[in-house]
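The following exercises ask you to read a fold step by step, from its overall dimensions down to single backbone angles. Please work through each task before turning to its solution.

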Amino acid sequence: MDTTRITARRTLGHSDLAVCPVGLGCMSLSGIYGDADDALSEALIHHALDRGANHLDSSDVYGLGHNETLIGRAIRTRRHEVVLATKFGNIRRNGEPAVDGRPEYVQQACDASLQRLGVEMIDLYYQHRMDPSVPVEDTVGAMARLVDQGKVRYLGLSEARPETIRRAHAIHPITAVQTELSLLYQVEADETRATTRALGISFVAYSPLGRGLLTGAITSPGELDERRAVHPRFQGDNFVHNRALVAHIEALATAKGCTPSQVALAWVLAQGDDVVTIPGTRYLARLDENLGALDIKLTITELAALNAAIPPGAAAGNRYPPAALAVAYR
């Protein structure tokens, strides 16, 4: 277990939130990719903080509140060490993905998250998915009132299109936008970053390891858990095609004496100082491996080779199953 403390920081937008470039996405601590043990999860969070990985990312939909409650317990005596991010608006209705951006729901969701987290203020509060039935101006207006009330410090959006970001930012400054970005999936992220950079907004890359595919650890569909198995990227010929793309990452990792995960994360971080990432894991060894990516520097030649081998749009299969894709990137 690595105990080296990381001091590298990137500042989110025009805020005073300085975060470790590799944070911790906490979704998998709530049984999303298989059973998780709360005691081990709390130990993982403590290890992340001990290492200086201060950016914890949650949502009220992860484990239907379990994730926030877990994090709240873990950081109870260490709140001052954490840049705490959580999200609202990505709900389940009749078991299917749905959204809720109504102003009255914004207030209710925030109050519930504060109670579960056991904190007085959330550092970065995201609208998790955009609600097409509610103007983003109305939703962000309600989020801005949370800032006025002292319940939230800064605002973010997740899976928002460029025009949505611009409209939201005109109502209240947006500090960060969160969208999937990895060597496999770049198109929407590239569109988004053109806008966020112009507005001085940071980009938070989630699923930077392609939901585990870019680690090199998944070599056949038979190794998939139930959640991954329904994702198009892991199905049939899509899996064969995408696994061949991973081979390019594995080859570079072998040449550099590191792991495929570290190459994939180093590529994300090389996209600019306005980019940070939040890979998720349940395991201490994987957390240390991910943080080790901060020591991996890709040369201009290596970056060019990766970009040529895995250009935008190279992946086969959509980022989400149909129902989840329908509420993404709006």
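Two strands count as paired if DSSP finds at least two bridges between them. The model treated here is a predicted one.

**Exercise 1.** Determine which residue in β7 is the bridge partner of Asn-90, and describe the pairing to which this bridge belongs.

*Solution.* Begin with the two strands, β6 (residues 90-93) and β7 (residues 96-99), which pair in the antiparallel sense over four bridges. Within this pairing, Asn-90 has Val-99 as its bridge partner in β7. Next, turn to the connection: β6 and β7 form a hairpin with two residues between them, and Asn-94 in the turn has a positive phi of about 55 degrees.

**Exercise 2.** Establish the strand order of the open sheet and identify its edge strands.

*Solution.* Eight strands make up the open sheet, and following the pairing across it gives the order β3-β4-β5-β8-β9-β10-β11-β12, with parallel pairing. The edges are then β3 (24-25) and β12 (275-277), each of which pairs on one side only. For a detailed view of one pairing, take β8 (residues 122-127) and β9 (residues 152-158), which run parallel and are joined by five bridges; here Leu-124 stands opposite Tyr-154 in β9.

**Exercise 3.** Examine the backbone of Glu-159 and Ser-207, and decide for each whether the residue is buried or exposed.

*Solution.* As background, most residues other than glycine have a negative phi. Glu-159, which is not a glycine, has a positive phi of about 60 degrees, and it lies in the loop between β9 and α5 (162-171). The cut-off for buried is under 20% relative accessible area, so Glu-159, at 0% relative accessibility, counts as buried. Ser-207 also has a positive phi, near 50 degrees, and is placed in the loop between β11 (202-206) and α7 (226-229). Because its relative accessible area is 15%, Ser-207 is likewise buried.

**Exercise 4.** Decide what the radius of gyration of the protein indicates when set against the value for a compact globule.

*Solution.* For 330 residues, a compact globule would have a radius of gyration near 20 Å, and the protein has 19 Å, so the two agree. The C-alpha atoms fill a box of roughly 55 × 40 × 40 Å along the principal axes. Of the 330 residues, 58% count as buried, and among contacts with a separation of 6 or more, 76% involve residues 24 or more positions apart. Finally, the protein contains twelve helices and twelve strands.

Notes:
Residues are numbered from 1 along each chain as its sequence is written. This is a predicted model: local features need pLDDT of at least 70, side-chain atom pairs count only at pLDDT 80 or more; totals for chains, interfaces and linings use all residues. Side-chain values use heavy atoms; hydrogens and water are left out. The radius of gyration is taken over C-alpha atoms; the globule rule is 2.2 Å times the number of residues to the power 0.38. Buried means under 20% relative accessible area, exposed over 50%, partly exposed in between (1.4 Å probe, protein chains only). Contact means heavy atoms within 4.5 Å.
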